Amino acid sequence: EGIKHGVRKVNIDTDLRLAMTASIREVFSTKPEEFDPRKYLGPARDRIREMVVGKLEMLNCRGKAGEVVDHWKSLGEPMPAHYGAAV
């Protein structure tokens, strides 16, 4: 709704941290003997990945990296390196 009214920046860090923490807590509560970070951080990364995809879809910006690159090129500006790596 905010995007319709000009909002262009949305912070999702708190949502990502909550998702990661919830995933880690879930592993610790179901497998209290687990101590290997690969065993609880892997599911946490998966949960973050799922949330990011959901947020990109909700904000209607999933799969638009090419448009960002085209925009920078049309401006004649040097494109930030992190955009070039995504395409």
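In this predicted model, Arg47 is a partly exposed residue, with a relative accessible area of 28%. Arg47 forms a salt bridge with Glu26, and the closest N and O atoms of the pair are 3.0 Å apart. Glu26 belongs to helix α1 and Arg47 to helix α2, so this salt bridge ties together parts of the chain that are 21 residues apart in sequence. Glu26 is also partly exposed, at a relative accessible area of 43%.

The wider setting of this pair is a protein chain with four helices and zero strands. Along the sequence the elements follow the pattern α-α-α-α. The chain has 87 residues, of which 14% count as buried. Its exposed surface comes to about 7,000 Å², and carbon and sulfur atoms supply 57% of that area. Among contacts in the chain with a separation of 6 or more, 35% are between residues 24 or more positions apart.

Helix α2 covers residues 37–58. How far apart are its end C-alpha atoms, and does that distance agree or disagree with the span its 22 residues should have? The end C-alpha atoms are 31 Å apart, which agrees with the 32 Å that the 22 residues should span at 1.5 Å a residue. The buried residues of this helix are Tyr40, Gly42, Ala44 and Lys55. Helix α1, residues 13–30, is included in what covers them.

Two residues of α1 show where this helix meets residues further along the chain. Ser23 lies in helix α1 and is buried, since its relative accessible area is 2%, under the 20% cut-off for buried residues. Leaving aside residues up to four places away in sequence, Ser23 touches Pro43, Ala44 and Arg47. Of these contacts, Ala44 is one of the buried residues of α2, whereas Arg47 is partly exposed.

Ala19 is also placed in helix α1. With a relative accessible area of 8%, Ala19 is buried. Beyond residues up to four places away in sequence, Ala19 touches Arg47 and Met51. Arg47 therefore appears in the contacts of Ser23 and of Ala19, and it is the salt-bridge partner of Glu26 in helix α1. Ala19 can also be compared with Asp46: the two are 27 residues apart in sequence, and their C-alpha atoms are 9.8 Å apart in space.

Asp46 leads to another charged pair. Its side chain meets that of Arg49 in a salt bridge, with an N to O distance of 2.9 Å. Asp46 and Arg49 are three residues apart in helix α2, which means that about one helical turn separates them. Asp46 is partly exposed, with a relative accessible area of 38%. The structure holds six salt bridges, counting every such pair.

A further salt bridge joins Arg38 and Asp36, whose closest N and O atoms are 2.9 Å apart. Are its two members buried or exposed? Arg38 counts as exposed, at 67% relative accessibility, whereas Asp36 counts as buried, at 16%.

Asp36 also has a link to Glu34. The backbone nitrogen of Asp36 lies 3.4 Å from a polar atom of the Glu34 side chain. Glu34 is placed in the loop between α1 and α2. Which side chain of opposite charge is nearest to Glu34, and how far away is it? That side chain is Lys39, 5.6 Å away. A salt bridge needs a nitrogen and a carboxyl oxygen within 4 Å, and Glu34 is buried yet has no salt bridge. Not counting residues up to four places away in sequence, Glu34 touches Val27, Phe28 and Lys39.

At the other end of α2, the helix is followed by Asn60. This residue is found in the loop between α2 and α3, the latter being residues 65–75. Asn60 has a positive phi of about 55° although it is not a glycine. Most residues other than glycine have a negative phi. Asn60 is exposed, with a relative accessible area of 55%.

Definitions and conventions. Residues numbered from 1 in each chain as written. Predicted model: local features only at pLDDT ≥ 70, side-chain atom pairs only at ≥ 80, totals over all residues. Heavy atoms only, no water. Helix = DSSP H or I, 4+ residues; strand = E, 2+ residues; numbered from the N terminus. Buried < 20%, exposed > 50% of the residue type's maximum accessible area, 1.4 Å probe, protein only. Contact = heavy atoms within 4.5 Å. Areas by Shrake-Rupley, 256 points an atom, 1.4 Å probe, with all protein chains shown as cover. Expected span 1.5 Å × (residues − 1). Lys, Arg positive; Asp, Glu negative; His and termini not counted. Polar contact = N/O pair within 3.5 Å; in protein donor to acceptor, adjacent residues only side chain to side chain.
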